[in-house]
Amino acid sequence: MQDIEYNGKTGSSLGIYLIDRPSIPVAKKRKEEYEIPGRDGILTRTEENYEQSEIEMKFNFIAKDEYEWNLKATQAKEWLAFEGGCLTFSDDSDFFYRVLSIDISKIERKTARVGIFTAKALLESGLRYLVSGKREIEYTAAKNNLYLLCKPVYKITGEGACTLMVNGKKVTANVGQNLTIDTELMMAYRTDGTLQNTAITGNYDDLYLIPGSNTISVTPAFTLKIIPNWRCL
């Protein structure tokens, strides 16, 4: 039987399974259409960001009695009600999808013991993210990007003025022991959560890692590690 993991919990741990493997939509880049007066046709501009997409999943479960049937129905709703989780399929466990929310249809009692329901997961972008890309690594190991353009998290430790260079573009930062630069959230903060947006000068998108070879350097007195957030179609 197919299994999924969502918000760190598997369906199988609740006795809930996919009826079949759902169809996965292909991630599509956002496109903007516009017209120019005096020119025929419509022009299209493709962006580097991706559209939201949706995965429809069908589940079932088997209960011993009416009490357990109601318990499993409640567990299913509580499990999938979490917003902003990661969704992984058991036959593709090296990757996950970023989920904005999951909408559950009514849970039907197919028989006295069997329940079935459909859940639609609204995806942030439709891209697949590598589980390994969530791990913190040495910045030298992040220079070769085998995937799509990605938006990493940089973790700097040290004290004083620091310069971070990525592909010839510079961001300067005033580091007080530690500083995290999240290029996706476009935020800078300390490990205790204190915002430090005013501590950096430069553009967050200059720190994205492009497909292929990247150059990354940091002021020698500082230590730099990266959570790369590798992603692919």
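**Nonpolar cores and local backbone features of the predicted protein**

Asn167 is partly exposed, because its relative accessible area of 27% falls between the limits of 20% and 50%. The model in which this residue was examined is a predicted one. Asn167 is located in the loop that joins S14 to S15, and its phi angle is near 55°, a positive value in a residue other than glycine. A second non-glycine residue with positive phi is Met186, for which the angle is about 55°. Met186 occupies the loop between S15 and strand S16, the latter spanning residues 187–189. With a relative accessible area of 42%, Met186 is likewise partly exposed.

The overall architecture was considered next. The secondary structure of the protein consists of one helix and 21 strands. A radius of gyration of 22 Å was obtained, whereas a compact globule of 233 residues would be expected to have a value near 17 Å. Along the principal axes, the C-alpha atoms occupy a box of roughly 65 × 60 × 30 Å. Of the 233 residues, 39% are buried. Among contacts with a sequence separation of 6 or more, 67% join residues that are 24 or more positions apart. The accessible surface amounts to about 12,900 Å², and carbon and sulfur atoms contribute 48% of this area. The protein carries 29 positive and 31 negative charges, and the mean positions of the two sets lie 2 Å apart.

In soluble globular proteins, nonpolar side chains tend to be buried together. In the present model, the largest nonpolar core comprises 26 residues, and the members that touch the most others are Tyr154, Leu164, Ile181, Ile200 and Leu209. At least two residues of this core are supplied by each of strands S14 (153–166), S15 (169–182), S19 (216–218) and S20 (223–227). Apart from this assembly lies another core, of 25 residues, which includes Ala63, Trp69, Ala73 and Ala76.

Within the largest core, the surroundings of Tyr154 were examined in detail. Beyond residues up to four places away in sequence, Tyr154 touches Leu164, Val166, Leu179, Thr180, Ile181 and Thr183, together with Leu207, Leu209, Leu224, Lys225 and Ile226. One of these partners, Leu179, belongs to strand S15. Leu179 counts as buried because its relative accessibility is 1%, under the 20% limit. Outside its sequence neighbours within four places, Leu179 contacts Tyr154, Lys155 and Ile156, as well as Ala173, Ala188, Tyr189, Gln196 and Ile200. The C-alpha atoms of Leu179 and Thr198, 19 residues apart along the chain, are separated by 12 Å.

Ile200, which is in contact with Leu179, is found in strand S17, a run covering residues 200–201. Ile200 is buried, with a relative accessible area of 11%. Sequence neighbours within four places aside, the contacts of Ile200 are Val171, Thr172, Ala173, Leu179, Ile181 and Ala188. Between the C-alpha atoms of Ile200 and Cys162 the distance is 9.3 Å, although these residues are 38 positions apart along the chain.

A buried proline was found in a loop. Pro152 is situated between strand S13 (144–145) and S14, and it counts as buried because its relative accessibility is 0%. When neighbours within four places in sequence are set aside, Pro152 is in contact with Ile181, Asp182 and Thr183, with Leu207, Tyr208 and Leu209, and with Ile226, Ile227, Pro228 and Asn229. Ile181, Thr183, Leu207, Leu209 and Ile226 are also touched by Tyr154. The C-alpha atoms of Pro152 and Gly126 lie 18 Å apart, with 26 residues of separation in sequence.

Phe59 provides a further example of a buried residue. Phe59 is placed in strand S6, which covers residues 53–62. With a relative accessibility of 1%, Phe59 is under the 20% limit and is therefore classed as buried. The contacts of Phe59, excluding neighbours within four places in sequence, are with Ile4, with Ile16, Tyr17, Leu18 and Ile19, with Leu80, and with Gly115, Ile116, Phe117 and Ala119. Gln2, 57 residues from Phe59 along the chain, has its C-alpha atom 9.6 Å from that of Phe59.

Note on methods:
Residues numbered from 1 in each chain as written. Predicted model: local features only at pLDDT ≥ 70, side-chain atom pairs only at ≥ 80, totals over all residues. Heavy atoms only, no water. Helix = DSSP H or I, 4+ residues; strand = E, 2+ residues; numbered from the N terminus. Rg over C-alpha atoms; globule rule 2.2 N^0.38 Å. Buried < 20%, exposed > 50% of the residue type's maximum accessible area, 1.4 Å probe, protein only. Contact = heavy atoms within 4.5 Å. Areas by Shrake-Rupley, 256 points an atom, 1.4 Å probe, with all protein chains shown as cover. Lys, Arg positive; Asp, Glu negative; His and termini not counted. Charge placed at Lys NZ, Arg CZ, Asp CG, Glu CD. Core = buried A, V, L, I, M, F, W, Y, C linked by side-chain atoms within 4.5 Å.
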